[in-house]
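Me: I have a model open and would like to learn how to read its features. Could you walk me through it?

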Amino acid sequence: MSEYVDRSEPEAGAGGATPAPVTPADAADAARLVAFGLQPKVQPARDQEYTELLRRYREDPPFARLADAVAAGLGLVVLEVSPRAGMAVTAAEDSVFAVRMGDYARRTSADGSDRFLHGLAHLAVAALAFPRPEDLADDGYIGRVSVNGVDTFVRQACRRLEERAEEQGENTDPATDAPGLEAAWRIWARRSATGATKDARRLAGSTTGIVGKAAAFLTDSGFLQRTGDDHGGTYRTTARYQLQVRDLAGTAAMAELLDLGLVPVTDGTASLLPPQDGDGLELVADAGLPFHA
């Protein structure tokens with residue numbers, strides 16, 4: 001279990017003031033602050049009690065230590081405490097609040113192979129939302145993605161991975177239980193983008209359906225905010241999501257996806273590289289590629 005940050009100060013000397021004892025009311029306030037952190041849709045600016053507890057956390061070190069201890073006892077890691085993000089927490093692996101891919105897949109009725117696709121969808125959203133290290137470092141940066149744009153990005157990544165495998169003389173149809181992106185690209189490329197209904201409605205098992213579920217989950221979790229219905233649904237990132245992706249950025253899968261070079265940035269905006277040719281891509285019409293502001 002992750003340990004909370006020790007903000008303790010040197011003990012006062014013989015002539016120093018005796019620290020005030022922690023009261024049940026203090027413990028209740030600390031737990032209340034952590035409870036706010038577990039409600040990602042609650043905005044500090046719109047809740048006076050939340051704002052006051054955040055102020056107390058910043059100005060009262062003993063209270064901050066107490067709140068950190070409450071969070072640690074629940075298996076939570078405090079990412080940031082600020083008016084911008086509120087009390088942003090993430091669940092440690094052994095926390096009762098942890099959401100595992102298996103649980104997420106069961107919510108979406110995904111079978112074994114689809115779990116790779118749901119994981120890849122989340123990875124692609126993060127990569128497109130914050131394609132540069134400086135985007136993650138800039139607290140004022142807001143990423144914007146669309147469902148169709150994420151699907152287009154993954155399909156171009158699939159094509160790049162296929163080309164790389166062919167160049168290296170590797171098996172171009174890897175086993176579904178292989179690690180890394182190589183296991184998922186062939187499955188995604190073969191899957192229909194929208195489904196096979198006559199009116200081209202988005203089916204849950206289609207790739208845009210999978211991306212849509214990922215975006216809806218991130219929205220419910222307070223990581224994205226829906227901004228429109230164009231291009232399968234458009235979204236903007238929140239401060240909490242930026243903090244989460246900062247942790248994700250160090251993973252091998254994230255690095256591998258970004259290393260494919262599909263999101264070049266030269267002038268402060270991000271876009272997808274066009275394919276060398278249009279044969280065999282079968283992309284969603286009017287994909288609405290993600291943009292950044």
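**A nonpolar patch and two cores**

Reply: Gladly! Leu38, Leu74, Val96 and Phe97 form a nonpolar patch on the surface, together offering about 350 Å² of accessible area (Shrake-Rupley method, 1.4 Å probe, only the protein chains shown counting as cover for residues). Such patches take residues with over 30% relative accessible area and no salt bridge, nonpolar side chains (Val, Leu, Ile, Met, Phe, Trp, Tyr) being joined within 5 Å; a salt bridge is a Lys or Arg side-chain nitrogen within 4 Å of an Asp or Glu carboxyl oxygen. This is a predicted model: local features need pLDDT of at least 70, side-chain atom pairs count only at pLDDT 80 or more, and totals for chains, interfaces and linings use all residues. Residues are numbered from 1 along each chain as its sequence is written, and side-chain values use heavy atoms, without hydrogens and water.

Me: How exposed is Phe97?

Reply: Phe97 is partly exposed, at 37% relative accessible area (buried is under 20%, exposed over 50%, partly exposed in between).

Me: Which residues have the most contacts inside the largest nonpolar core?

Reply: In general, nonpolar side chains in soluble globular proteins tend to be buried together. A core here is a set of buried Ala, Val, Leu, Ile, Met, Phe, Trp, Tyr and Cys residues joined through side-chain atoms within 4.5 Å. The largest has 34 residues, and Val150, Val154, Trp188 and Tyr241 have the most contacts inside it. Helix H5 (112–129) is among the helices supplying at least two residues each (helices are DSSP runs of H or I, at least four residues, numbered from the N terminus). H5 gives the largest share, ten residues.

Me: What does the second core include?

Reply: This separate core of 17 residues includes Ala30, Tyr50, Leu53 and Ala71.

Terms used: Patch = residues over 30% accessible without salt bridge, like charges linked within 9 Å, V, L, I, M, F, W, Y side chains within 5 Å. Buried < 20%, exposed > 50% of the residue type's maximum accessible area, 1.4 Å probe, protein only.
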